[in-house]
Amino acid sequence: MTCKNIESQLERYLDAELTFSDRREIDSHIENCTHCANQLNQLKAIQRNVRNVDFKKCPSSLKNSIRANLRDISNEDIPTNNSFQWLNFSAGLLFFIAAATWVTFQILTPPTKNIDLSLQLVDAHIRSIQVDHLLDIASSNKHTVKPWFTGRLDFSPLVTNSTSHSTKLLGGRMDYVNGRTMAALVYKIRKHLINVFVFNTNGIKSKTKTMTKKGYQLISRTTNGLSYWAVSDLNQKELKAFFDEYLQSLKHFAN
Amino acid sequence: MLTKRDREKFERLTMKHLDAAYNLALWIMKNPTEAEDVVQTAYLKAFENFLRFDETNVGGWILTIVRNSAFNLLKKRKLHSNLVSFDEAAHSDNSNKTTQLNDYHLTPDELLCLNSIDNNILESINKLSPEYREILFLREIEELSYKEIAEVTNIATGTVMSRLSRARKSLRKLFLDRKKREATINNTVKKGNTRSSE
């Protein structure tokens, strides 16, 4: 075999992609050919250097965040067939009770109790970007944005100026989601838009919750009868940092 | 509908590939925050499609989704523009004939340089195109075969060979160029020191 033929196979030799007989042929050629041996050494040197690059450990925060999001997507309340076979007999009865409860619930409660609120807020976020209705009032000054809502809502949303160096308040708008009229405050971090939806709830105070819907990150908290939801395509870590800062600046959260 | 049992099974099968997924995303994106975004998106996408997955070659499946998510993001953000250009035409199935390393003619100094372990090799790797970084990662770090790389990247095996070869050539050039620059700077500093001591 000529040097040209050998050289054409050196990378496959290095990558263990040759048959045993082809390998042996190259081995014996290299023993007697300094030129080809030199070519192979160069390849090995590049390989050695690349393999010397650190293999990073996945951050535990990412691992935890993925696990949390997976739990959010899966329906953890649905029992599996094997472990709950004994419940089959009463499934019909349970279904009837659940259906009756649901019908009663739908009749007695206003539409503001929809469990798919998070998805609807994501849709509202997407809509705000797509149909060019991001802002009704464009200003980076909270003293301009906040008064704009007066008379338009039966509550006064708390507006903060830019919470940090990288965050910018763009303004606000009125939005209507799932039968509720709400305030949407718009912030920007780099190229990522954040909608903070604020609306009146009769809900009980709730802790901060994070979730992912349709690839968007959501974070929410309810307190003093107002619910705050931030929605963005920003990564969860940064969105949480933003939300924490946003809430920190609200007096009644600080207390 | 995905249940708790599905999630537990998914985690059992895929979480052990998380480090590889993160490193692949990091090699392609070059940015830890973006790499985290990519992995997060890829794992959620994988879970959503889990019931349709036949559970063979889980690692390859995850890496495919991660690399697709990464390239989608790159495409979206048009990051390709500031990288070493990627000659797509050179990666056709017939191109492997022209991608041998027989034009490697190095001086003894260059050979010595190439043989030494360089802790800043990542600097040179990061100047490569995302496609070259990806293929180097899959071959040298994950140690996948040509066939496995072809499956992950959805390209022909011949293209894997030619792309890998070109990636190595480009890296070698970037590496030696950097070493030359460093040597020139060192010589200038030495000359300066000698003059000042005189």
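The following dialogue considers how chain A and chain B meet in this predicted model, and the largest pocket.

Student: How many residues of chain B are in contact with chain A?

Tutor: Contact is counted when heavy atoms lie within 4.5 Å. On the side of chain A, 49 residues take part. The number in contact on the side of chain B is 57 residues.

Student: What area is buried between chain A and chain B?

Tutor: The size of an interface is often given as the accessible area lost when the parts come together. Carbon and sulfur atoms give 60% of the area buried between chain A and chain B. The total buried area is about 4,900 Å².

Student: Which residue of chain B meets A:Asp15 in a salt bridge?

Tutor: Across the interface of the two chains there are 6 salt bridges, while the structure holds 15 over all chains. A salt bridge requires a side-chain nitrogen of Lys or Arg within 4 Å of a carboxyl oxygen of Asp or Glu. For A:Asp15 the N to O distance is 2.9 Å, so the pair meets this cut-off. The partner of A:Asp15 is B:Arg139.

Student: Where in chain B does B:Arg139 lie?

Tutor: The pair crosses between chains. Its chain A member, A:Asp15, is in the loop between H1 and helix H2 (20–32) of chain A. B:Arg139 belongs to helix H7 (residues 130–141) of chain B.

Student: How many residue pairs are in polar contact between chain A and chain B?

Tutor: The count takes pairs in which both residues are at pLDDT 80 or more. Between chain A and chain B, the number of such pairs is 14.

Student: Which helix gives the most to the side of chain A that touches chain B?

Tutor: Helices H1 (3–14), H3 (34–51), H4 (60–73) and H8 (236–248) of chain A each supply at least two residues of that side. One of them gives the most, with 12 residues, and that helix is H3(A).

Student: How many charged residues does the side of chain A that touches chain B have?

Tutor: The residues of this side divide into three classes. Of these residues, 14 are nonpolar and 19 are polar. The charged residues number 16.

Student: Which element gives the most to the lining of the largest pocket?

Tutor: The largest pocket has a volume of about 1,500 Å³ and is lined by 47 residues. Nearest its centre lie residues of both chains, including A:Asp233 and B:Arg77. Several elements of chain A, among them H4 and H8, each supply at least two lining residues, as do H3 (32–48) and H4 (58–77) of chain B. The element that gives the most, with 11 residues, is H3(B).

Terms used: Residues numbered from 1 in each chain as written. Chains lettered and ligands numbered in written order. Predicted model: local features only at pLDDT ≥ 70, side-chain atom pairs only at ≥ 80, totals over all residues. Heavy atoms only, no water. Buried area = accessible area lost by both parts, 1.4 Å probe. Polar contact = N/O pair within 3.5 Å; in protein donor to acceptor, adjacent residues only side chain to side chain. Helix = DSSP H or I, 4+ residues; strand = E, 2+ residues; numbered from the N terminus. Nonpolar A, V, L, I, M, F, W, Y, C, P; charged D, E, K, R; others polar. 1 Å grid on protein atoms, 1.4 Å probe; cavity = no way out; pocket = protein on both sides within 12 Å on 5 of 7 lines; lining within 4 Å. Points joined across faces, edges and corners; volume = space filled by probe spheres on them.
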